[in-house]
Amino acid sequence: MSALVLVSHELCPYVQRAAIVLAEKGARFERRWIDLADKPDWFLAVSPLGQTPVLLVDGQPVFESAVICEYLDEATGPRLHPQGALQRARERGWMEFGSAVLDAVAAFYGAPDEVSLERKRAALRERFERLEAALDPLGPWFAGERFGLVDAVFGPVFRYFNLFETVGEAGFFDGLPRVQRWREALHARPSVRDAVRPDYPARLTAYLLARGSALSRRMAGTAAPA
Ligand SMILES: N[C@@H](CCC(=O)N[C@@H](CS)C(=O)NCC(=O)O)C(=O)O
């Protein structure tokens, strides 16, 4: 078995994907934490885009989270991707969609003013309505009874909403029962739960408060009255 090191940032949702897949595989791996605000030279040497995650496999870097997940799925059992080429392609498409949802989440928490915050909220809601239509009717996972790579991608997406709800930003999943059930199943999955450190909520809160965004002001209780 190769020596695996997952180069990580404490808040990075893309890192979490790889950590979830590693846990699902039961793989032994080391986590090496870095500060993206102060990237060490050794990290820049192995990360062509200067981004986390990077997986070091016997010292050889693999970058881009989807590529890391696919590599791990090919290299170690049990397979998380489905057997059929078409089904695999479809799930890869929804993994890409997961990255677009992460962009929409960042646009929401980074929205500079109240008008754009509401616009970004609506855009995010539209993404989840799309997912509702794509999810397996019985669940609990994206495609039914098999936990797949696409499920690993969405664990970190839903984690943001745990925090949003504690600061009164709720209702994103109202009327979307399949999405709600999927979110709950992911929340309870040990690989998803353990993909972040225990201080993650406090760190994310500090990060969001420091954005200078409409959400930061709401969180700090300084939003202008509507
Ligand atoms: N497409 C990349 C995105 C990774 C990414 O955006 N990583 C962020 C942290 S979550 C990063 O390293 N940002 C630092 C930078 O871009 O300088 C992937 O899927 O791995």
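Here is a short chat about a predicted model with a bound ligand.

Biologist: Which strands stand at the edges of the open sheet, and why is one side of each left without a neighbour?
Modeller: The sheet has four strands with mixed pairing, in the order β2-β1-β3-β4. Each edge strand has a single partner strand, so one side of it has no neighbour in the sheet; the two are β2 (30-33) and β4 (60-63).

Biologist: And what is the bridge partner of V5 in β2?
Modeller: Start with β1, residues 4-8, which pairs with β2 over four bridges, in the parallel sense. Within β2, the partner of V5 is E30.

Biologist: On to the ligand: how does the shell around it divide into nonpolar, polar and charged residues?
Modeller: The residues around the ligand are C12, P13, Y14, L36, K39, G50, Q51, T52, P53, E64 and S65. By class, that shell splits into five nonpolar, four polar and two charged.

Biologist: Which residue has a polar side-chain atom 2.8 Å from a nitrogen atom of the ligand?
Modeller: Q51 has a side-chain N or O atom 3.4 Å from a ligand oxygen, so to speak a different atom type. T52 has a polar atom 2.9 Å from a ligand nitrogen, but that atom belongs to the backbone. The side chain you want is that of E64.Biologist: How much of the ligand's exposed area does the protein bury?
Modeller: Taken alone, the ligand exposes 510 Å². Of that, the protein buries 70%.

Biologist: What is the helix content of the span UniProt marks as "domain: GST C-terminal"?
Modeller: The unreviewed UniProt entry places that feature at residues 84-208. The end C-alpha atoms of this span lie 41 Å apart, and its strand content is 0%. Its helix content is 72%.

Key: Residues numbered from 1 in each chain as written. Predicted model: local features only at pLDDT ≥ 70, side-chain atom pairs only at ≥ 80, totals over all residues. Heavy atoms only, no water. UniProt positions renumbered as here; feature names shortened; annotations may be inferred. Near = heavy atom within 4 Å. Polar contact = N/O pair within 3.5 Å; in protein donor to acceptor, adjacent residues only side chain to side chain. Areas by Shrake-Rupley, 256 points an atom, 1.4 Å probe, with all protein chains shown as cover. Nonpolar A, V, L, I, M, F, W, Y, C, P; charged D, E, K, R; others polar. Pairing = 2+ DSSP bridges.
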